[in-house]
Amino acid sequence: MQLLLVEDDATMQATLQRSLARRGMAVTALADGRAALAEWRAHPPDAVVLDLTLPGLDGLQVLEQARAGGLRTPVLLLTARGTVGDRVLGLNAGADDYLPKPFDLDELEARLRALVRRSGDAMEAKSAASALAMGAISYEKESGIIYAHGAPMDLTPRELALLRALLAQPGHAVTKERLYELVFPGQSEVQYEAIEVVAYRLRKKLAGTGVVLMTLRGLGYLLKPEA
């Protein structure tokens, strides 16, 4: 675990750095808020342990500016301020957890590892929600680009619309009626059979990708991994 420790008490900082390093963490320790923010931006760690009372910028200012700048690293506030108001301020500023001094090192380690684990799980879930893959085909939902063997596929707008619709429901048949609406939106003058022409062309472009476009009579089309 790469850890950024921001603590202005020299004795506390040295003790924590030494103790956490013994527990397998790579600790970068700083005592100044501005320096800590610069280090955080330049080398984002896996977690940040942040004191509230700091020179330069206090902990809340560091946290607020980091979050405003898009830094999503999990943060554990470590401070002698133990009032409910201080905890609320810290959490509202974007902290993920709060541990008042004095504290137990075992609890600090456990909380840090839990924060990093939750952060990793959230990133994996987000990645899975924003991308789909089948065979050598991958679809990035945010950009709308479909790749084959890591390179963008050369698809016409209608082929792209058809493949996106099928990738959205992998392993499930999509009716011709629904595909027609997605591939030819608002184009009532286009013959219904035109969807078959688009499917034929797309099927040829999927050759060698490990993905098969099947026609299911009476049901529609189905995209599935090649056997």
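Q: Let's start with a single residue. Is aspartate 51 buried or exposed?

A: Welcome! The model is a predicted one, and burial is a good way into it. A residue is called buried when its relative accessible area is under 20%. Aspartate 51 has a relative accessible area of 4%, so it counts as buried.

Q: Where is aspartate 51 found, and which residues does it touch?

A: Aspartate 51 sits in the loop between β3 (47-50) and α3. Leaving aside residues up to four places away in sequence, aspartate 51 touches Val6, Glu7, Asp8, Gly59, Leu78, Thr79 and Lys101.

Q: What does the UniProt annotation say about Asp51?

A: The unreviewed UniProt entry carries the annotation "modified residue: 4-aspartylphosphate", and this covers Asp51. Treat that as a statement from the record, since such annotations may be inferred rather than shown by experiment.

Q: Now a strand, please. How many residues of strand β1 are buried, and in which sense does β1 pair with strand β2?

A: Four of the five residues of β1 (residues 2-6) are buried, leaving the strand mostly covered. β1 and β2 (residues 26-30) pair in the parallel sense, over five bridges. To follow one residue across, take leucine 5: its bridge partner in β2 is alanine 29.

Q: How should I read a helix such as α8? Which of its residues are buried, and which are exposed?

A: The general idea first: an α-helix has 3.6 residues a turn, so residues three or four places apart point the same way. Helix α8 (residues 194-205) has 12 residues and reaches 17 Å from its first C-alpha to its last, close to the 16 Å expected. Its buried residues are Ala194, Ile195, Val198, Ala199 and Leu202. Looking down the axis of α8, you find these buried residues within an arc of 140 degrees, so they line one face of the helix. Tyr200 and Lys204, on the other side of α8, are exposed.

Q: What do the buried residues of α8 pack against?

A: They pack against two helices, α6 (157-167) and α7 (176-183), and against the strands β10 (211-216) and β11 (220-225).

Q: On to charges. How many salt bridges are there, and which parts does the pair of arginine 67 and aspartate 96 tie together?

A: Side chains of opposite charge can pair when their charged atoms come close. The cut-off used here is a nitrogen within 4 Å of a carboxyl oxygen, and the count comes to 11 salt bridges. In one of them, arginine 67 meets aspartate 96 at 3.0 Å, N to O. Arginine 67 lies in helix α3 (residues 59-68) and aspartate 96 in the loop between α4 (84-93) and β5 (97-100), so the pair ties together parts 29 residues apart in sequence. Arginine 67 is buried, at 13% relative accessible area, while aspartate 96 is partly exposed, at 37%.

Q: What partners does arginine 111 have?

A: Aspartate 97 is one of them, with 2.9 Å from N to O. Aspartate 97 belongs to strand β5 and arginine 111 to helix α5 (residues 105-130), so this pair ties together parts 14 residues apart in sequence. Glutamate 107 also forms a salt bridge with arginine 111, the closest N and O atoms being 2.7 Å apart. Arginine 111 and glutamate 107 are four residues apart in α5, which puts about one helical turn between them.

Q: Which residues are linked in a network of salt bridges?

A: Such a network links Arg23, Asp106, Glu109 and Arg113.

Terms used: Residues numbered from 1 in each chain as written. Predicted model: local features only at pLDDT ≥ 70, side-chain atom pairs only at ≥ 80, totals over all residues. Heavy atoms only, no water. Expected span 1.5 Å × (residues − 1). Buried < 20%, exposed > 50% of the residue type's maximum accessible area, 1.4 Å probe, protein only. Arc of directions from axis to C-beta. Contact = heavy atoms within 4.5 Å. Salt bridge = Lys/Arg side-chain N within 4 Å of Asp/Glu carboxyl O. Pairing = 2+ DSSP bridges.
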